[in-house]
Every structure is written in C-alpha cells, then in structure tokens.
Amino acid sequence: MSGTIHIVGGGLAGSEAAWQAARAGARVVLHEMRPVRSTEAHQTDGLAELVCSNSLRSDDWENNAVGLLHEEMRRAGSLILHAADAHKLPAGGALAVDRYGFSNEVTDALAGHPNVEIRREEIAEPPEDWNSTIIATGPLTAPNLTAFIRKMTDEEALSFFDAIAPIVHHDTIDMNVAWMQSRYDKGDGADYVNCPMNEEQYRAFVDALLTGEKTDFKEWEKSTPYFEGCLPIEVMASRGAETLRFGPMKPVGLCDTRTGVRPYAVVQLRQDNALGTLWNMVGFQTKLKYGEQVRIFRMIPGLANASFARLGGLHRNTFINAPRLLDRQLRLKARPQIRFAGQVTGVEGYVESAAIGLLAGRFAAAEICGSVSDVPPPTTALGALLGHITGGADAKTFQPMNVNFGLFPDFAPSEKIRGRDRKKAMSRRAIADLEKWLGRKDAAA
Ligand SMILES: Cc1cc2nc3c(=O)[nH]c(=O)nc-3n(C[C@H](O)[C@H](O)[C@H](O)COP(=O)(O)OP(=O)(O)OC[C@H]3O[C@@H](n4cnc5c(N)ncnc54)[C@H](O)[C@@H]3O)c2cc1C
C-alpha cells in the first residue's frame, strides 16, 4: 500500500468514501472546509450533516429501490447506514434519524480510525502531487473549487442549477392515446412520445398549473443568474394563456399518425436512459409540490396512470456532466488521478450521494493497492446508479437522478414478472448479485 487518498468534502459522500478506503487499508486525508467556511445550507461543523429532511427515505428493500440501496450499502459495510441504523427514529417504513446523533456517530468513527486524518480546511485546487483525489464537495461546492473544476472541464460540463423534469416509467404510458413521432419527422421520425390535448383539456391543464401548490425558492437560490434559462413550467404558464402552446407544448410539426388529427397542444416525452425504460417530460421542470405534480400531470392524456420514477424540481445544485466526463471507475477522463463522488456527480439525494461515495472509496483504495476493483453488476442498485451516471444517461440532457427500478435491466419477456412481483424479483436478484460482487477479489492492475 503506498500513497494517500485525499478526499475533499466531508458530507455524506466524502465521509462514506473515507470510511470505505480506510477500512480497505488505505491512508486517507479528509479535507472539510467547515467550520472555517460554511455553505448556505449547513448549520454545524459535523461530518455528514443532513442539511434538510432527517429521512433517508424508504427502508423497504424488497419493494423500493432506495430501500434496496440501503440494504446493499449495509452489506458493503457502509458507515452512513450503520450510523443511520444506530440513530433511527420511529417513522413507519422510512429510515429517519436523529440528525445530531447520526452526524456525531460518523464524525467520531472517522476521527477514531487510525487510517484517517481529518483536516478542517478549504481546498481551492487539488495540488498536482496528490496522486489520488476524490472530490465530494456536494451541491454547494465552494466557488474556488468550482472554478477549478470548470477549468479542467468546459463551460457546459458544469451546472449550477438543476432543472429537473419529471420522468415517467415507459410501461405506464398509455400508447393507445399517445403516439411516437418527432417534430417534422426529423431524426428517425419517431423519437418522441406525444401526448395530445384538445383546447378544453389544454385550458384546464393551464388552470391547474396556475393554481397548484408550489414550493418556494430559498433567498440564496433566487440570486442565481442561471434561473431565467430554465423557467418552471408554471411560471411559463403564468406569462399568458398561449405561452405554453408556443413553448414546450407547441403542436407544430406533429399530427397523430394513426388518425391524422392535429392536436391543439402536445406534451412530449423523450427517452432518458439507454434501456428505454425511463422517459422525461420535455421542458416540464417545476416547483410544484410533489403531490400536486402527480395530480396535475396525470391530467395529461396518455399519462392518466403514469408512474413517476422522479418528480420535477429546480434547485441550486453544482453538478458535472458525469456521463461525458467520468469513466466507469468515477475518474475524470481528462485527469484520472481525480475521482468525483456524491451529488456533484449528478445523483440526487442523501443515500445516492453516500452510495457513490462508497464506490469511489473502494475504487480509489483498490487502485492505490495496485489493483482494479470490479464495478458492481448493473442488476444491483449500486451498479444501476453507477451505470446511469457513467454512461447510461444521455449526456446531452443529463440532470440529477434518484435511484429507481427504471435504471435496472428488465427481465426477459419470457420471464413474465409484473407489478409488485417484478420489484421483489429485481431486489432478490440484486442482493444475490451484490453478494457475488462483494465476494470477488480485485484484479491486479
Ligand atoms: C438545501 C438542500 C436541501 C436538500 N435536502 C435534501 C433532503 O431533504 N433529502 C435528500 O435526500 N437530499 C437533499 N438534498 C440533496 C443532497 O442529497 C444533499 O445535499 C447531500 O448532502 C449531498 O451529499 P454530498 O456528500 O454530495 O454533499 P454534502 O453533504 O453537501 O457535502 C459536501 C461537503 O463538502 C464541503 N465542501 C464544499 N466545498 C469544499 C471545498 N472547496 N473544500 C473543502 N470542503 C468543501 C461542504 O462543507 C460539505 O460538508 C438537499 C440539498 C440542498 C442543497
């Protein structure tokens, strides 16, 4: 074992990465800027601070993809899951925690580990002589480091705001109502799912957008100059009754190929992952509350029974275009001694951020020992999430993603597993494949 892994950022991802690398025997220096400098959202100097909700969401590993991710992380020796289990609060099927106990547990475990040194300092630019670095600085990465990341990549590779449009599971779209066609039959001629509206449906939909309950922007989010470029759908609707019909819902160049009817307005969905299981609603970034999104978007013809893999949102969020910039080991292609982990890689959520930290820590530790860690199989939650951000997602439209079953490869049609049984079967397959992965020895480099 030679060399040191430098981890920048002691949040969910950086803490997990440090733990995984240290328990694999690597020497780790964890650089956390708090309390020397804080972010707009953090309140304490504890590692792995939960900046908002105290819930790590569903803990049901057989029926929920984030619950499955919990279980996989537990089996992989996750510090974040260990601390969450130790400080669990009653919350039905969710894994909610005492945020202070949780953060203290993570801080104490890392401070007490003989392979870990914690330095309270801001890193503006990783020095050239660090031969293994993990950048895990999260959605509120400090500006100097952001400038460095931008210098190493390019203008378009780094975003400061996410503009998340809802994503729908393809098998819940009613294709008897919707049809496949590209505007003016461009490209392959049939790249988009089109959900048609008549005038009455359009007016009712615009009304619902205007009256639906919204979440507020935080003060520091309002000042972000990138906001005007990606207006929420309801803000566009508020600019005039026809605005959406001349914007994302314009019907021009589209005509129902089965009936020849030209719709009054159209909602288009575009393929979002290589598997073709997830489709995003084009231009539908929104600040509507989650419950309202489900209610209002199910008014769209063809989406009456839609199941949403992810709902829309708009937040201040620093993230890179991971599918374009990173290799499968989370290394920056342009400078492979630097890895990225956590929300900055374009995953969304506490658990997903920690999960990518877990993988980055393992990959970096294997490398520093002169070997190469296998990536987890795509049938596992860890592998599905990793596969999405390092190639499965379309780099042109890349936006942050939660873990969900749409990221997993489906069963062969002959296996005919549907509904709740399908999730259970996917979860069992995931755990069996994860155990095989965990049991494998890393290959020599
Ligand atoms: C306001 C807000 C609310 C959120 N609410 C939720 C929620 O309720 N549920 C949920 O699942 N997800 C939520 N998220 C999304 C996300 O899951 C969390 O932000 C999560 O903490 C991301 O983990 P991370 O490790 O990538 O980043 P963080 O946990 O933010 O950790 C990054 C760390 O890096 C440090 N840092 C930054 N720059 C530097 C630097 N240059 N040098 C040294 N240290 C640095 C920071 O101080 C921080 O400790 C929220 C995000 C935001 C911004």
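## A tour from one loop to the domain interface

Begin by selecting A48, which is found in the loop between β2 and β3, and keep in mind as you go that the model on your screen is predicted. With A48 highlighted, look at its backbone: the phi angle is positive, about 50 degrees, although A48 is not a glycine.

Stay with the loop and select P35, which is found between β2, running over residues 27–32, and β3, running over residues 55–58. Add R34 to the selection and inspect the link between the two residues, where the peptide bond from R34 to P35 is cis, with omega near 5 degrees.

R34 also leads to the next stop, the ligand. Which residues are the closest to the ligand? Select A13, E32, R34, Q343 and G349, which are the closest among the 31 residues that surround the ligand. Now show the backbone atoms around the ligand and step through three places in turn. At M33, a polar backbone atom is 3.2 Å from a nitrogen atom of the ligand. At S53, a backbone N or O atom lies 3.1 Å from an oxygen atom of the ligand, and at G349, already in your selection, a backbone N or O atom lies 3.2 Å from an oxygen atom of the ligand.

Next, step back and colour the protein chain by domain. The domain assignment gives domain 1 as residues 4–163 together with 316–444, and domain 2 as residues 167–311. If you place a marker at the centre of each domain, taken over C-alpha atoms, the two markers will be 31 Å apart.

Then turn to the place where the domains meet, and select the 23 residues of domain 1 that are in contact with 20 residues of domain 2. The area buried between domain 1 and domain 2 is about 1700 Å², and carbon and sulfur atoms give 65% of that area.

How many salt bridges are counted between domain 1 and domain 2? The count is one, and to see a salt bridge you can select D171 and R422, whose side chains meet at 4.0 Å, N to O. Across the interface of the two domains there are also four residue pairs in polar contact.

As a last selection, take the side of domain 1 that touches domain 2, to which β8 (158–164) and α12 (381–392) each supply at least two residues. The largest share of this side, three residues, comes from β8. Coloured by residue type, this side of domain 1 divides into 11 nonpolar, seven polar and five charged residues.

Note on methods: Residues are numbered from 1 along each chain as its sequence is written. This is a predicted model: local features need pLDDT of at least 70, side-chain atom pairs count only at pLDDT 80 or more; totals for chains, interfaces and linings use all residues. Side-chain values use heavy atoms; hydrogens and water are left out. Domain bounds come from an automatic or database domain assignment. Contact means heavy atoms within 4.5 Å. Buried area is the accessible area (1.4 Å probe) that two parts lose on being put together, summed over both. A polar contact is a pair of N or O atoms within 3.5 Å; within protein, one must be able to donate a hydrogen and the other to accept it, and residues adjacent in sequence count only if both atoms are side-chain atoms. Helices (H or I, at least four residues) and strands (E, at least two) are DSSP runs, numbered from the N terminus. Ala, Val, Leu, Ile, Met, Phe, Trp, Tyr, Cys and Pro count as nonpolar, Asp, Glu, Lys and Arg as charged, and the others, Gly among them, as polar. A residue is near a molecule or strand if one of its heavy atoms lies within 4 Å of it.
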